[in-house]
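Me: I would like to go through this model by question and answer. Please keep the replies short and end each one on what I asked for.

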Amino acid sequence: MEARKSSLFHDFAGLFLPRCCAGCDQALMAHEHTICGDCVEDLPRLRGHDDPLNKVEQVFRGRVQLQAASAFLQFTKDGMVQHLLHRLKYKGEREVGLELGRRMAEEVMQSPRFADVDVLIAVPLHRKKEKLRGYNQAQVLVDGMHEAWPLPRRENGLLRMVHTSTQTRRGRLARWSNVESAFQPSDPDALCNAHVLLVDDVVTTGATLLSCARALESVPGIRISVLACACA
Ligand SMILES: [Zn+2]
């Protein structure tokens with residue numbers, strides 16, 4: 001509710017106040033959207049989409065069979081990427097996610113490893129968090145990507161299963177297997193023989209993306225790729 005209120009406030013205020021850059025708070029020029037030209041220049045791009053040995057590939061190597069994995073930006077503590085993602089996740093600034101999504105799509109769609117992606121699926125957020133925030137930030141990134149790269153999106157293509165109340169009493173291994181089954185495809189038949197691109201905001205340990213990928217693995221003929229807005 002709070003997130004929705006604050007985003008309404010931003011929409012309303014935007015009618016009267018000068019639009020400011022989400023990166024540096026300077027006034028935007030008429031042709032700029034959300035992030036000013038200087039901040040766009042300064043975005044710490046990883047540019048590893050074509051590289052099968054890039055740092056996101058290393059996270060998943062030997063854990064799950066992926067077609068390709070990559071991230072758009074380098075996440076650093078207190079850096080610009082953290083600042084932008086904070087505005088998206090906690091300040092109700094959905095537009096920041098749309099802009100980042102558009103820009104990451106413009107890059108990734110050029111890479112031969114991602115060029116034949118058929119469908120975009122966002123990593124689902126916990127239902128409680130989504131209710132609180134008003135949206136799933138990974139879905140906002142997908143929606144932004146779709147504007148630059150009009151591929152089919154499957155909203156709620158993965159469902160987050162809720163059954164973790166006894167988790168603390170279980171051993172480490174059992175807990176891991178519990179995480180493994182935390183997701184389920186909503187319509188596996190629709191993903192047969194498709195190249196699915198799983199999208200998330202940040203990849204750190206890769207645990208969430210990994211369990212999403214594992215949930216999709218058994219779909220016949222599926223190929224799975226992974227893209228994060230940022231890699232920590
Ligand atoms: Zn700026």
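Me: At what angle do helix 4 and helix 5 pack, and how far apart are their axes?

Reply: This is a predicted model. Two packed helices are described by the angle between their axes and the distance between the axes. For helix 4 and helix 5, the angle is about 130° and the axes are 7 Å apart.

Me: Which class of packing does that angle give helix 4 and helix 5: parallel, antiparallel, perpendicular or oblique?

Reply: Roughly antiparallel needs an angle over 145 degrees, and roughly perpendicular covers 65 to 115. The angle here is about 130°. Helix 4 is therefore oblique to helix 5.

Me: Which residues of helix 4 and helix 5 meet?

Reply: Helix 4 brings L84, R87 and L88. By class, its contact with helix 5 has four nonpolar, one polar and one charged residues. On the side of helix 5, the residues met are V96, G97 and L100.

Me: Which residues of helix 4 are buried, and over what arc do they lie?

Reply: Helix 4 spans residues 80-90, and its buried residues are V81, L84, L85, L88 and K89. They lie on the same side of helix 4, because the arc they cover around the axis is only 130°.

Me: What covers the buried residues of helix 4?

Reply: The cover includes both helices and strands. Among the strands are strand 1 (68-74), strand 5 (195-203) and strand 6 (223-231). Among the helices are helix 5 (94-108), helix 6 (127-133) and helix 7 (137-148).

Me: Which residue just after helix 4 takes a positive phi?

Reply: The phi value is about 70°. Most residues other than glycine have a negative phi. The residue here is a glycine, G92.

Me: How do helix 5 and helix 7 cross, and with what handedness?

Reply: Their axes come within 6 Å and cross at roughly 50°. Helix 5 and helix 7 are therefore oblique to each other. The crossing is right-handed.

Me: What is the class make-up of the contact of helix 5 with helix 7?

Reply: From helix 5, the contact residues include R94, L98, E99, R102, M104 and E106. From helix 7, they include Q137, V140, D143, M145 and E147. The residues of this contact divide into nine nonpolar, four polar and six charged.

Me: Is F72 buried or exposed?

Reply: F72 lies in strand 1. A residue needs 20 or more C-beta neighbours within 10 Å to count as buried. F72 has 26 inside that distance, so F72 is buried.

Me: Which residues does F72 touch beyond four places away in sequence?

Reply: F72 and G48 are 24 residues apart in sequence, and their C-alpha atoms are 8.1 Å apart. Residues up to four places away are not counted among the contacts of F72. Those it touches are R45, L46, M104, E107, C229 and A230.

Me: How is R45 classed, and what is R45 in contact with?

Reply: R45 is found in the loop between helix 2 and helix 3 (55-60). It counts as partly exposed because it has 15 C-beta neighbours inside 10 Å. R45 and E107 are 62 residues apart along the chain, with 9.9 Å between their C-alpha atoms. Leaving aside neighbours within four places in sequence, R45 is in contact with F72 and L73.

Me: Where is D25, and is D25 buried or exposed?

Reply: D25 is not a glycine, yet its phi is positive, near 70°. Its place is the loop between helix 1 (2-13) and helix 2 (37-42). With 9 C-beta neighbours inside 10 Å, D25 counts as exposed.

Me: What is the phi of N193, and where is N193?

Reply: N193 counts as exposed, with 10 C-beta neighbours inside 10 Å. It is in the loop between strand 4 (183-185) and strand 5. N193 is not a glycine, and its phi is positive, about 60°.

Me: How many residues of helix 9 are buried?

Reply: Helix 9 covers residues 207-216 and is mostly covered. Its buried residues include T208, L209, L210 and S211. The count is eight of its ten residues.

Me: What share of the residues of the chain is buried?

Reply: The chain has nine helices and six strands. Among contacts between residues at least 6 apart in sequence, 74% join residues at least 24 apart. Of the 232 residues, the share that counts as buried is 37%.

Terms used. Residues are numbered from 1 along each chain as its sequence is written. This is a predicted model: local features need pLDDT of at least 70, side-chain atom pairs count only at pLDDT 80 or more; totals for chains, interfaces and linings use all residues. A residue is buried if 20 or more other C-beta atoms lie within 10 Å of its own, exposed if 12 or fewer, and partly exposed in between; C-beta atoms are placed from the backbone. Helices (H or I, at least four residues) and strands (E, at least two) are DSSP runs, numbered from the N terminus. The arc is that of the directions from the helix axis to the C-beta atoms. Two residues are in contact if their C-beta atoms, placed from the backbone, lie within 7 Å. Axes are lines fitted to C-alpha atoms, for helices over the stretch in contact, and angles run from 0 to 180 degrees between N-to-C directions. Angles under 35 degrees count as roughly parallel, over 145 as roughly antiparallel, 65 to 115 as roughly perpendicular and the rest as oblique. Ala, Val, Leu, Ile, Met, Phe, Trp, Tyr, Cys and Pro count as nonpolar, Asp, Glu, Lys and Arg as charged, and the others, Gly among them, as polar. A crossing is left-handed if the near helix is turned anticlockwise from the far one by less than a right angle, and right-handed if clockwise.
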